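Work through the following exercises with the sequence and the coordinates at hand, and try each task before reading its solution.

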Amino acid sequence: MGFVNRAVNVISQCVYPLSLCMALPVFMYNIVIEKETKLIETMKINGLQMKNYWMINYLFNMIVYCLTAIVFLFFGTAVFELSFF
C-alpha cells in the first residue's frame with residue numbers, strides 16, 4: 001500500500017501544475033471576446049478609466065485562478081489524501 005501511495009503522489013506532483021494550466025483557455029477566451037467586440041474602446045467612449053478596467057480585469061482573473069486552486073487543494077487533501085498538499 002505504501003508503494004501505491006508514493007506512486008500516486010509522484011504522478012500527482014507532475015499532473016497538478018499541468019491541470020492548473022487549464023484556466024488558460026478561460027483567460028484567452030476573455031481576451032478574444034474583448035478584441036472581437038471592441039469592448040475596451042466602447043468602455044473608453046463611455047468614460048471608463050483604464051486603471052479601473054485593469055483592476056477589475058485583474059480581480060476577475062485572480063478569482064477564477066483562486067477558485068481553481070481551491071478546488072484542486074480540496075480534492076488533493078480531503079478526497080485523495082495526497083501528501084504533497
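**Exercise 1.** Which residues make the nonpolar surface patch of about 800 Å²?

Solution. In this predicted model, the patch is made by Met-55, Ile-56, Tyr-58, Leu-59, Met-62, Ile-63, Tyr-65 and Leu-67. Take Ile-56 as one of these residues and place it in the fold: it lies in helix α4, which covers residues 50–79. Its relative accessible area is 54%, and because exposed means over 50%, Ile-56 counts as exposed.

**Exercise 2.** Determine how many disulfides the model holds, and describe the surroundings of Cys-66.

Solution. A disulfide requires a pair of cysteine sulfur atoms within 2.5 Å, and by this rule the count comes to 0. Cys-66 is in no disulfide, since the nearest cysteine sulfur, that of Cys-21, is 15 Å away. As for accessibility, Cys-66 is partly exposed with a relative accessible area of 35%, and Cys-21, at 48%, is likewise counted as partly exposed.

**Exercise 3.** Compare the span of α2 with its expected value, then examine the backbone just after this helix.

Solution. The 14 residues of α2, at 1.5 Å a residue, should span 20 Å, and the end C-alpha atoms are indeed 20 Å apart, so the two values agree. Just after α2 comes Lys-38, with a positive phi of about 55°, although this residue is not a glycine. Lys-38 is found in the loop between α2 (24–37) and α3 (39–45), and its relative accessibility of 54% makes it exposed.

Terms used
Residues are numbered from 1 along each chain as its sequence is written. This is a predicted model: local features need pLDDT of at least 70, side-chain atom pairs count only at pLDDT 80 or more; totals for chains, interfaces and linings use all residues. Side-chain values use heavy atoms; hydrogens and water are left out. Helices (H or I, at least four residues) and strands (E, at least two) are DSSP runs, numbered from the N terminus. Buried means under 20% relative accessible area, exposed over 50%, partly exposed in between (1.4 Å probe, protein chains only). The expected span of a helix is 1.5 Å times one less than its number of residues. Patches are made of residues with over 30% relative accessible area and no salt bridge: like charges are joined within 9 Å, nonpolar side chains (Val, Leu, Ile, Met, Phe, Trp, Tyr) within 5 Å. Accessible areas come from the Shrake-Rupley method with a 1.4 Å probe; for residues, only the protein chains shown count as cover. A salt bridge is a side-chain nitrogen of Lys or Arg within 4 Å of a carboxyl oxygen of Asp or Glu.
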